[in-house]
Every structure is written in C-alpha cells, then in structure tokens.
Amino acid sequence: MVHSDSGLLTRDAINPILTAAQWPYPVTSVFNPGAVLLPDGVTLLLCRVEDRRGHSHLCAARSRNGIDGWEIDLRPTLHPDPEHCPEELWGIEDPRITYLDELHMYAVVYTAYTQTGPGVSLALTEDFHCFERYGLIMPPENKDAALLPYRIKGNWALIHRPFSASSGNMWISYSSNLRDWGDHRVMMKARQGGWWDSHKIGLTAPPIETPKGWLILYHGVRQNAAGSLYRVGAALLDLQRPDICLKRSDEWLFGPEASYERSGDVDNVVFPCGATICPDGDTIHIYYGAADTSVAVATGSKTAILEWLACNSTSPYKYIKRNKSKKCNCGSG
Ligand code: BMA
C-alpha cells in the first residue's frame, strides 16, 4: 500500500481498478467516474470513457465490493446525443451522481462539451438504463457541478465552477424546478499566489452530509513550469447556508504520488468525481481518475477527515505559527 501525503487515504493495492484494457469495446481511456452505492449494496461507477476520436461518453461498471469484480455495460450507458442536444457535440464528461429522495431518482450532473466550451448538463435516472435529459443547466464555461440531495429552504442547490481568464472559483445556485437557476453566489475562491489551489478549484464528489456541516472534497490546481498539478483538499459548508464555508484545509489531503497518477495522458492528476460511504457510516471510498487514463480508489475514514480538517484549517498567518509551535495534535497534519 502507498500512503497519500496526509496519511488519511490509502490507495488500494490493486489500483488502478479499471482501465481501457478491461472495456468490452474499443476505447482509449477510462477515468473520472461518478459513484453511488445502490440499495442492493452494489457500487456503481459511471465512468468517463474516451473513444478513439477523443470524444467522451459515460459507461457504468458495477461491483459487489466496490473494488474488483467489475461488470461493465457492453455498450455506452449514456451516449452524447448531439442531434437532440447540440451542446453534447464534442462529448459528455465527468459525471457526479446524487440520489434525490424527493423524486426517487438519481441526478447525473455532467459536463457537456459544447462548441463554445464545457457547460453543465443534467439527466435524471431511476436505474442507469433510461435517462431523462434536462439539457444544459449552466452555460459555458462551467463544469465540476453536483446537486445537493434535498432542497434547502425550498430550493434545489447546485455547486458548480464557472471559469474565465481571471477566475476559477466555486459557486452555488438555487432552483425550484431543476431547470431555472438563480440566487448565484460565490462559495469558495481559488487562493492565488503560491497556494496548491491557486489557479482554479472545483467540486469532486457531491457534498456529504455530517452533523458538523456538508463535507466536501474539492480539487485544487496549481500551475507550474511542467503544467497543471491536480490535488484534493477538504472543506466544510454550513448545512443551511452551503454558500458559507466554515472550514477549508490549508494543506491538500491527497495528491498524485503513485506511478499511475504521475504519468498518463495528462500527468500529475488525481480527479475524483464520486465517493461512497460504507454501511458502517464512516468508511469512505473515493473514486478518482488517475492521470486522465484509468480509475483508482482510495479509502479513509470520514471522521478522521473531519478531525484533520478541524486542525488543518487556519489563516495563512496561523498556518506558519502553528507549524512553528507544532500545537496541532491530530496526528495526521
Ligand atoms: C479538467 C477536466 C477533467 C480532467 C482534468 C485534468 O479541466 O477536463 O476532466 O481530468 O482537467 O486534465
């Protein structure tokens, strides 16, 4: 086993758990899967699969233990449909799955690669066989979006990441019907300067509800002479006002270390889009794309991540002071 920087997440010994070589039809790479634990205990990963034109579609893989024994759909599960949805012309990517209790449906929020850049699309499904498309719900450039599982003060909430030449911050927007979105607010900003999350940030898996707040894992990108470096940090959002960030980790929780993360189609990328919580209520499996080439899993404890966040969330000034005096005793910082 290889341990990540914080020591809180353990890569599985059989990583990568899914690769293009396992696919039942010709593909070039398999990565950035959304994840959900189905009521019968099966883990379903909705993987981004890139074909030999460079366009992506989504394909489901199912496993009893969430680690191995994957059964992969024999053909694309959700294919771009540019004839009816022109925004899907250049493919669909990076799904995030949230179960909506009120509708008894899974919401799949994904990137639609339009002719003017990436936008955010929504489809609902009961069974991952039939999908009801809602189309583009956030215009380009926007991606890294997921729904919260229930309405907050009467409205659905969507976390997303608009992007411009000057900013790549996380926003939250609200809607009464999943189609019309407003009340847009900045939720978390890229930190600029020398920070690991200075260039742009985005949600990974959908938020996880805890008594202390919504736990989110987010990716942070730093640009250096070699290109972009994708790592993962943690934050806690207020339960009733998720636009309010209560805590945000100073350090990254998880970054590219293993060879399959360090090198691939895009080097130095760990990019989770899904996580599942095991029936014990604490063990978390984080499913991520490794170097835009394969799918890997890392396992940890939700409680330990929350404890780590509590003593790793300070202002830059306090961060320096804390490390000088070594006052944090959480044992993992
Ligand atoms: C992001 C997305 C992801 C990809 C990552 C690293 O902007 O396009 O799909 O994994 O870049 O290349």
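In this predicted model, strand 1 (residues 10-11) lines up antiparallel with strand 21, and two bridges hold the pairing. One of the contacts is easy to pick out: threonine 10 has threonine 299 of strand 21 as its bridge partner. Strand 21 also pairs with strand 20 (residues 283-290), again antiparallel, this time through eight bridges. Here tyrosine 288 sits opposite alanine 296 of strand 21. Strands 20 and 21 make up a hairpin with three residues in between, and alanine 291 in that turn shows a positive phi of about 50 degrees.

As for burial, strand 21 spans residues 294-301, and six of its eight residues are buried, so the strand is largely enclosed by the rest of the structure.

Next comes the nonpolar core. The largest one counts 84 residues, and Leu45, Cys47, Val109, Ile286 and Val295 have the most contacts inside it. Strand 7 (residues 105-114) supplies the largest share of this core, with seven residues. In general, nonpolar side chains of soluble globular proteins tend to be buried together. Isoleucine 286 gives a picture of who touches whom: leaving aside residues up to four places away in sequence, its contacts are Leu9, Leu217, Pro272, Ala275, Val297 and Ala298.

Then there is the ligand. Around it sit Asn32, Glu93, Asp94, Tyr230, Val266, Val269, Phe271, Gly289 and Asp292. By character, this shell splits into four nonpolar, two polar and three charged residues. Gly289, one of the shell residues, falls within the range of strand 20, residues 283-290.

Key: Residues numbered from 1 in each chain as written. Predicted model: local features only at pLDDT ≥ 70, side-chain atom pairs only at ≥ 80, totals over all residues. Buried ≥ 20, exposed ≤ 12 C-beta atoms within 10 Å, placed from the backbone. Helix = DSSP H or I, 4+ residues; strand = E, 2+ residues; numbered from the N terminus. Pairing = 2+ DSSP bridges. Core = buried A, V, L, I, M, F, W, Y, C linked by C-beta atoms within 7 Å. Contact = placed C-beta atoms within 7 Å. Near = placed C-beta within 6 Å. Nonpolar A, V, L, I, M, F, W, Y, C, P; charged D, E, K, R; others polar.
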